[in-house]
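Colleague: Before we use any of the descriptive terms for this model, I would like to go through them one by one and hear what each of them rests on.

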Amino acid sequence: MTASHWSAQITAVVVGSDKPAGLAFWSVVIAALFGLELLARRYPERLPSFASVVGHYLGHPAWRAAAVAVWLFAGWHLFSH
Amino acid sequence: MPDGSVPPGRRAIGVATVVVAVAVAAALSGWASGWQRYTWGARFGTFGSAAAVLGLGAWWARARRPWDRTGADGATAGRIRGWGWAWVVVVAVAVTWDVLALLTPPDRHHLTLSALELAERPFHALVFALWLLIGWVLATTPLGRPPLGGEPPEEGQR
């Protein structure tokens, strides 16, 4: 039993390994991110905005530079690679 | 403004700027969804967009007035409060999914973000717009926020 076998089993059980289900999952993730941002603006005393999270965890220049590097790598991987 | 509020004229300019920026980002994302991978056009387009976002973001962060520096949610110091871990949970679920989908055998459709946005052009445009937005936040959020835990609670709130 390889890791890919178990991965296939898990994804098959969860979503059936079809493209529409995968698109639905990622759409839900993106909607959740925007939903959290809206909630953060509605209830700022309870939930930080994405910018607040970035400022909190990535306030040091080295961490911010690392995050920008990851962001650039993601862009290269997703859109030009 | 002595009370720290935004002057009406500047607010109108701000709204117009946001509308134009959203329109430009949407048009750019639609255009980007048509780029062919492994081409110099895609590379120049991607990293040119990144340079524009980072450059404009850095300029915007420097040009902002003090009333903008707290952010739209009024947070003064990037404090993680209450449900802040919800952000971490959503990202962790997405990363876990992507890793698992990466291991999917070749005879099944990969459910990674990259495979799906490659297969569906509208989804590609959506992901590109989200990528631009994340870059904008990285570029415009000020450095040097307080350490984890934020400010201590005020007297009477302990």
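Modeller: In this predicted model, chain A and chain B bury about 5600 Å² between them, and 74% of that area lies on carbon and sulfur atoms. The contact draws 57 residues from chain A and 64 residues from chain B. On the chain A side, Trp26(A), Trp71(A) and Phe79(A) lose the most area to chain B, together 16% of what that side buries.

Colleague: How many salt bridges does the rule find across the interface of chain A and chain B?

Modeller: Across that interface the rule finds zero salt bridges, while a search of the whole structure finds two over all chains.

Colleague: What makes the meeting of the side chains of Arg41(A) and Glu37(A) a salt bridge?

Modeller: The N to O distance between the side chains of Arg41(A) and Glu37(A) is 3.2 Å, and the cut-off for a nitrogen of Arg and a carboxyl oxygen of Glu is 4 Å, so the pair counts as a salt bridge. Because Arg41(A) and Glu37(A) are four residues apart in helix α2 of chain A, they are separated by about one helical turn.

Colleague: Why are α2(A) and α5(B) called roughly parallel?

Modeller: The axes of helix α2 of chain A, residues 19-42, and helix α5 of chain B, residues 121-140, come within 12 Å and cross at roughly 30°; since angles under 35 degrees count as roughly parallel, α2(A) and α5(B) are therefore described in that way. The crossing in which α2(A) passes α5(B) is left-handed. From α2(A), Leu23(A), Trp26(A), Ser27(A), Ile30(A), Leu33(A) and Phe34(A) meet Phe123(B), Leu126(B), Leu130(B) and Leu133(B) of α5(B), and the residues of this contact divide into nine nonpolar, one polar and no charged.

Colleague: How do you know that α2(A) and α3(B) are roughly antiparallel?

Modeller: The axes of α2(A) and helix α3 of chain B, residues 85-102, come within 10 Å and cross at roughly 165°; an angle over 145 degrees counts as roughly antiparallel, and α2(A) and α3(B) therefore fall in that class. Their crossing is left-handed. Among the residues making the contact are Phe25(A), Trp26(A) and Val29(A) of α2(A), together with Trp87(B), Val90(B) and Trp97(B) of α3(B). By class, the contact of α2(A) with α3(B) has 12 nonpolar, one polar and two charged residues.

Colleague: Why are α1(B) and α5(B) called oblique?

Modeller: The axes of helix α1 of chain B, residues 8-32, and α5(B) come within 8 Å and cross at roughly 130°. That angle is neither over 145 degrees nor in the range of 65 to 115, and it is not under 35, so α1(B) and α5(B) are oblique to each other. The crossing of α1(B) past α5(B) is right-handed. Ala25(B), Leu28(B), Ser29(B), Gly30(B) and Ala32(B) of α1(B) meet residues of α5(B) including Arg121(B), His124(B) and Phe128(B), and the residues of this contact divide into seven nonpolar, three polar and one charged.

Methods: Residues numbered from 1 in each chain as written. Chains lettered and ligands numbered in written order. Predicted model: local features only at pLDDT ≥ 70, side-chain atom pairs only at ≥ 80, totals over all residues. Heavy atoms only, no water. Axes fitted to C-alpha atoms, helices over the stretch in contact; angles between N-to-C directions. Helix = DSSP H or I, 4+ residues; strand = E, 2+ residues; numbered from the N terminus. Left-handed = near helix turned anticlockwise from the far one by under 90°. Contact = heavy atoms within 4.5 Å. Nonpolar A, V, L, I, M, F, W, Y, C, P; charged D, E, K, R; others polar. Buried area = accessible area lost by both parts, 1.4 Å probe.
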